[in-house]
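Trainee: I am new to this structure and should like to learn how each descriptive term is justified. Please set the values against the definitions as we proceed.

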Amino acid sequence: VLSTVGVALISVLSAVGICERCRMESGGVYFLLAHVLGSRLGGAIGLLYVFGQAVGCSLFVLGLGESLAGLVGLGSSPWAQRGFASAAVLLLSIINLAGVKWVVKLQFALLLVLLLAGLDFAVGSFVHTDKHSGFQGWLSGNFEENLLPDYFDGYSWFTTLGVFFPTVTGVLAGINMSGDLRHPSTDIPNGTLAACATGTGLYLIFVLFLGATCT
């Protein structure tokens with residue numbers, strides 16, 4: 001967790017420094033790239049950023065599709081997973097076309113869902129156990145057993161980092177809203193750093209909870 005956040009902080013602190021020293025306009029990350037590197041080099045790197053965002057979105061919606069297919073009993077059907085993923089992409093496209101106001105409203109709704117999910121996770125770790133699935137509770141002594149790494153064959157610290165790293169790739173989302181903020185030069189640094197601190201704290205809590213309760 002700390003290594004992943006440390007890598008993300010390199011980009012975050014660079015973006016924050018630029019935001020504090022220049023007059024932010026609409027364009028978000030693309031404006032920063034063009035402002036610092038020039039239009040040609042900034043545009044080339046911007047294309048790579050777009051490609052990375054597209055790949056990240058595809059991974060996220062495929063993960064959502066797998067989860068939804070499993071909930072309805074179609075987890076073994078790849079076409080069901082792709083169907084749910086395609087529907088998610090279509091829904092996101094409609095929301096983006098509807099305008100920024102709808103995006104902001106849905107972000108608040110999503111934040112509420114995430115907070116409830118985190119609360120459910122925390123409370124459930126104290127009041128529920130499922131030893132058959134490996135969830136043994138706080139009194140199982142798993143924290144000491146899970147304190148040191150013990151990877152399965154074919155897995156290592158780098159593969160774990162690769163799985164976890166996409167969770168911090170959204171820290172630049174606030175910068176992309178530069179054209180919709182009243183005071184982007186101050187709002188972006190404050191919001192981005194607060195998001196990094198909050199996310200890091202929650203991830204560490206989840207790691208400790210899972211390490212103490214699961215085999």
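Mentor: We may begin near the end of the chain: leaving aside its neighbours within four places in sequence, Cys214 is in contact with Gly134, Phe135, Asn142 and Asn146. Cys214 is found in the segment after helix 8.

Trainee: What makes these pairs with Cys214 a contact?

Mentor: Contact means heavy atoms within 4.5 Å, so each of the four named residues meets that limit with Cys214. A separate value is the 9.5 Å between the C-alpha atoms of Cys214 and Thr129, which are 85 residues apart along the chain.

Trainee: On what basis are the residues numbered and the values computed?

Mentor: Residues are numbered from 1 along each chain as its sequence is written, and side-chain values use heavy atoms, with hydrogens and water left out. This is a predicted model, in which local features need pLDDT of at least 70 and side-chain atom pairs count only at pLDDT 80 or more, while totals for chains, interfaces and linings use all residues.

Trainee: How confident is the predictor, and where is confidence lowest and highest?

Mentor: pLDDT is the predictor's confidence in each residue, from 0 to 100. On that scale the chain has a mean of 79, and 96% of its residues reach 70 or more. Confidence is lowest in helix 2 (residues 29–37), at a mean of 74, and highest in helix 4 (residues 78–98), at 88. Where pLDDT is low, the predicted coordinates should not be read in detail.

Trainee: How many helices and strands does the chain have, and how are they identified?

Mentor: Helices (H or I, at least four residues) and strands (E, at least two) are DSSP runs, numbered from the N terminus. By that rule the chain has eight helices and zero strands.

Trainee: How do you know that helix 3 reaches close to its expected span?

Mentor: The expected span is 1.5 Å times one less than the number of residues. Helix 3 (residues 39–71) has 33 residues, for which 48 Å is expected, and it reaches 47 Å from its first C-alpha to its last. Gly73, whose phi is positive, near 85°, follows helix 3.

Trainee: Why is Thr192 called buried or exposed?

Mentor: Buried means under 20% relative accessible area, exposed over 50%, and partly exposed in between (1.4 Å probe, protein chains only). Thr192 has a relative accessible area of 5%, and therefore it is buried. This residue lies in helix 8, and beyond its neighbours within four places in sequence it is in contact with Val12, Val171 and Ile175.

Trainee: Is Gln81, then, buried or exposed?

Mentor: Gln81, in helix 4, has a relative accessible area of 17%, so it counts as buried. Its contacts, apart from neighbours within four places in sequence, are Gly65, Glu66, Ala69 and Gly75. Gly65 and Ala69 are among the buried residues of helix 3, and those buried residues pack against helix 2 and helix 4.

Trainee: What of His132 and Val127: buried or exposed?

Mentor: His132 is in the loop between helix 5 (100–127) and helix 6; at 79% relative accessibility, it counts as exposed. Val127, in helix 5, is likewise exposed, because its relative accessibility is 65%. Across the chain of 215 residues, 23% count as buried.

Trainee: What makes a group of residues a nonpolar core?

Mentor: A nonpolar core is a set of buried Ala, Val, Leu, Ile, Met, Phe, Trp, Tyr and Cys residues joined through side-chain atoms within 4.5 Å. The largest one has 15 residues, and those with the most contacts inside it are Val12, Val29, Leu32, Val171, Leu172 and Ile175. Helix 1 (2–21), helix 2 and helix 8 (184–213) are the elements that give two or more residues to this core. Val171 touches Val12, Thr192 and Cys196, not counting residues up to four places away in sequence.

Trainee: Which residues are closest to the centre of the second largest pocket, and why is the space called a pocket?

Mentor: On a 1 Å grid over the protein atoms alone, a pocket is an open set of points with protein on both sides within 12 Å along at least five of seven lines, whereas a cavity is a set where a 1.4 Å probe fits but cannot get out; lining residues have an atom within 4 Å of a point. About 1,400 Å³ of space lies in the second largest pocket. Of the 26 residues that line it, the closest to its centre are Asn146, Pro149, Tyr151, Thr160 and Val207.

Note on methods
Points joined across faces, edges and corners; volume = space filled by probe spheres on them.
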